[in-house]
Amino acid sequence: MTTIDRVVGAGVDRIDGPAKVRGTAPYAYEQDPGEPIAHLAVVQSTVNRGRVTRLDPARAEAMTGVLTVLTPDNAPRLAEGLASDLPVLQSLDVAYQGQVVAAVVAETSEIARAAVGAVLVEYAAEEPDVVLSADRQDLYAPEQVNAGFATDSIIGDVDQALGAAAVTVDATYETPTQHNNPIEMHTSMARWDGDSLTMWDANQGPHTIVNDLAKGFGLDRGQVRVISPYVGGAFGSKAFTHPNQMLAAMAARVVARTVVFELSRQQMFSLVGHRTPTIQRVRLGADADGRLTAISHEVVEHTARIMEFAEQTATPTRLMYAAENRRTTHRLARLDVPPPTIMRAPGETPGMFALESAMDELAAALGMDPIELRIRNEPAQDPERHVPWSSRHLVECLRTGAERFGWAGRDLRPRKRTEGRWLVGTGVASATYPTRRRRAQCRISVDGRGRYTVEIDGSDIGTGAWTALSQIAADALATDLGSIELHIGDSRLPRAGGAGGSTGLASWGSAIVLTARDLRRRLDDEYGGQLPADGVSVDGGVEGEGPHAKTHSMHAFGAHLVEVRVDQDTGEVRVPRATSVYDGGTIVNAKTARSQFLGGFSMGVSMALHEESLIDPRLGHYVNHDLAGYHVATNADIGELDISWLDEPDELANELGLKGIGEIGITGAAAAVANAYWHATGLRVRDLPITPDKYFRELDLA
Amino acid sequence: MREFRYEQAPDAAGAVALLAGAPGGAFLGGGTNLVDLMKLGVATPDVLVDVRELTSREITDLPDGGLRIGAGVPNADLAADRRVRERFPVLSQALLAGASGQLRNRATTGGNLLQRTRCGYFTDVTKPCNKRAPGSGCGALEGVHRNHAILGQTLEGPGTCVATHPSDMAVAMLAVDAVVRVLGPDGERAVPIAELHRLPGDDPSRDTTLRHGELITAIDLPALAFPSRYRKARERASFAFALVSVAAALRVEDGVVRDVRLALGGVAHKPWRVQAAEQALVGGPATEEAFAAAARAELDAATPLRDNRFKVPLARNLVVRTLLDLVEVSR
Ligand SMILES: Cc1cc2nc3c(=O)[nH]c(=O)nc-3n(C[C@H](O)[C@H](O)[C@H](O)COP(=O)(O)OP(=O)(O)OC[C@H]3O[C@@H](n4cnc5c(N)ncnc54)[C@H](O)[C@@H]3O)c2cc1C
Ligand code: SF4
């Protein structure tokens, strides 16, 4: 074996790029099952809460080309114990608007959709209860919040410390309901061969989907195969099983042929989750020098009547800054809404908006530079777990960012700069995201000619995992990229967790490194360093968190510095430039990593200025349920982004020293924009998004 | 979506004849609005008569220096035409401020004029909407209506509707007094654009004064001899409908307003000609104060809804700023 230069770190072009550009990379909808495909379309509830009192499919069934109409009356029974809204068509009860109450299977998608309109449904409905407020009497404390965090954390005496503080901030921030809208809508294509189920599906981890399908249909996991080599974005909405997979499998069983179900864009707003709205009260107390004495972060958010999802919104506040007295809490209201789910950096995204906005308000109250305020409150160790950091370079990110952005000499006072009719301001915020590792198994084989096959059920949801994992494998096997054949996105492959929690490369990459080490050791020990003619295959992996996870606090960090312009006549907001600097540990692929940072930050700008699902409190539905009404940032909304990272591998985090970078870019980004908006206008908009109407509201003109 | 027949005709008269015999049918332009509405079940024509290729795709000079625009001219071509850019910058700017490049390539001039409101209750067949389902109520009145009308709405009764007309192009055309040429079963007629779109009155189901089967064949723009401009405020930098937009043309001599044309978009069920302000301005000084007073004269009549009061100061600011910009270019 020859030693070659490391490819980890290089900005290698995506190995799946050419196929995607040419349209030859098969996404779920484009898979060929080898037989004519039937199409499924759904009838959705138009009420939020109640019961179907009449369901008459006769007219739809009579239409030419309709194969069957599934209803709670005739749909296959699913096993008990499925979570959330997975027991599709198992009862006549309705728990949210958009819930599937019937499904049409037809020869074409056009016929299926036409037949949906011919199914007669009547409901006995109650008034929808969909409005979140902090004064609701029914708020409750969940047992824990998402990702296994404690619901509350209380250290010291916050109220007493606030009372004694020289300077305080007490502000309430709100973020609206947001909907994940990856380009590819959720798509599931199901085919049964006897009692074996194959599903081509858009998801973030085939094994997760297999578990629910096996459970629901009473099968062994080995009887279900989920294949997902290419996925057109997900952002969390494809992490868990949703009704689409259950329905496709049910329908294929009933009509005894392959069935595909592709959601419409409108259905993305009811069937595959959303980010809860949040109401967050943050109180900070500091001495006259800006040293925090108290931090309180109390979160109110919603969950669905039929399942609990508690976003871990206040968790970043548990580690960002030093202070003796601390309190974080989460309270939920159960509303008649579809089940919420994870959306890029659940917890950190809304939570860091509130915390980092409050830090800016504190800096203003102190008359202090907001970067200096953050540096002054840098904790020497994890302030709540009381363990050392595996590595933490937030201060370096802030300082490097300040230099690259040209922060020095900034006037602390708001509304001091204009250019033409633009009010110009700058703002800063920190970013953070946990570093974790999950269980992952892997198989590496080598043939007699030195070609390596790496098999692991990882997922590339557009992130670049195909390429980054190949790079990791090439280095670990001391070979070149061309000698690696990677297989991911198939539940037949060795089991691994899905793409989520920014754990992909930490988990799959570590599994590959360790298995490669094993393989090389075996070649050395058993074959004297030679490749045996008929090859060798080795199974390996990682069990979960690494040995230092208990003894150290592991997080990625970052800093965003943003310029904002606000048109004084219209309140329109532009972000002409921004600098972000990250402490993300080892960067495996400079090109795809930059794309992740860039995409994350852009999504944060989008959150700050545009994204908002508007619910009608009387009719209970999301009114702007398409991409003409639900605005995400366009290219024209994103200015020059200066993205860089510190070269600081985290030796304790995992085999590769990487921290996970898929989500950190969005965290803090909305706060940086909102803080710059304040600096430009003197107006503090605490409820996102910062749309032009709020400019007039804050000026008391509307 | 329901089944429909797709028809082509040899010429405009043939298309009109086809539709005259099909009371449930519709003309198809670029389809960028109609086909979307068909997929949603909002529009349910049983026959589509394709007029995209058969209405003129030409822009021709009129003797007075004006232009005749064929109804089939794509929005992108209209925006890019040199004569339009030189003589009617307000129109070119309005088109470029709308939709996206792909949509503008596909959309036609006739179809753009007749695109339907973006009200979220109108486009959702499971929700009440007097425009789509007369008598079912107006979902937006007490619902989500941040981007709805502030002028000329019907606020009570079975005709209640607070929707806006979404077209940018139509606002510019209104400001320059365009004339819409129509071919119907009874022959040709010319409709001043101010009389094309209507307020909801007691029948919000009708957006315009056109009768079934009337085909827009062309739009005439009378010559415009002074500077014009379009300004659109929106919630993102591109690909969003107007919160409020203003189309303006202004002739100033020695600091005095000699002629002014003003129209607002995003404020009413139709593009809104700002007549009170125009009258107040002519003969007066071209100053910020005068512009602001004129805008106020018009907007005093506004009846904003719970969540769209911001449109009143926004419209005022846009009028003042756009007129001041035009004073600048007139120097
Ligand atoms: C996502 C999105 C964003 C958009 N943003 C904007 C925007 O910011 N600003 C803006 O102004 N527009 C915007 N549009 C709307 C776009 O401008 C219109 O869809 C387009 O102009 C319609 O033209 P068309 O030729 O495709 O019309 P069609 O969809 O073909 O027809 C529209 C209507 O006109 C009728 N019709 C068509 N041609 C004729 C004719 N010659 N005579 C009589 N009737 C006729 C049809 O029967 C139909 O009722 C947007 C559209 C989309 C989808
Ligand atoms: S505003 Fe008009 S279009 Fe919208 S719901 Fe009311 S009636 Fe329908």
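Here is a short conversation about a predicted model, its ligand and its domains.

In this predicted model, local features need pLDDT of at least 70 and side-chain atom pairs count only at pLDDT 80 or more, while totals for chains, interfaces and linings use all residues. Residues are numbered from 1 along each chain as its sequence is written, chains are lettered from A and ligands numbered from 1 in the order in which they are written, and side-chain values use heavy atoms, with hydrogens and water left out.

Visitor: Which residues come nearest to ligand 1?
Guide: Happy to start there! A residue counts as near if one of its heavy atoms lies within 4 Å of the molecule. Of the 32 residues around ligand 1, the nearest are Phe27(B), Gly30(B), Gly31(B), Thr32(B) and Thr108(B).

Visitor: Which residue has a polar side-chain atom 2.7 Å from an oxygen atom of ligand 1?
Guide: A polar contact here is a pair of N or O atoms within 3.5 Å. Gly30(B) places a polar backbone atom 2.7 Å from an oxygen atom of ligand 1, and a backbone N or O atom of Ala240(B) lies 3.4 Å from an oxygen atom of the ligand. The side-chain case belongs to Thr32(B).

Visitor: Why does ligand 1 lie between two domains of chain B?
Guide: Domain bounds come from an automatic or database domain assignment, and the centres of these two domains, taken over C-alpha atoms, are separated by 36 Å. Ligand 1 lies between them because residues of its shell come from both domain 1 (5-52) and domain 2 (228-330) of chain B.

Visitor: How much area do domain 1 and domain 3 of chain A bury between them?
Guide: Domain 1 covers 17-26 + 437-542, and domain 3 covers 144-178 + 274-435 + 551-701. Their contact (heavy atoms within 4.5 Å) takes 17 residues from domain 1 of chain A and 14 residues from domain 3 of chain A. Buried area is the accessible area (1.4 Å probe) that two parts lose on being put together, summed over both. For this pair, 58% of it is on carbon and sulfur atoms, and the total is about 1,200 Å².

Visitor: Which residue does a cis peptide bond join to Leu688(A)?
Guide: Nice one to look up in the structure. Omega of this bond is about -5°. The partner is found in the loop between helix H13 (669-681) and helix H14 (692-698) of chain A, where helices are DSSP runs (H or I, at least four residues) numbered from the N terminus. That partner is Pro689(A).

Note on methods. Polar contact = N/O pair within 3.5 Å; in protein donor to acceptor, adjacent residues only side chain to side chain. Helix = DSSP H or I, 4+ residues; strand = E, 2+ residues; numbered from the N terminus.
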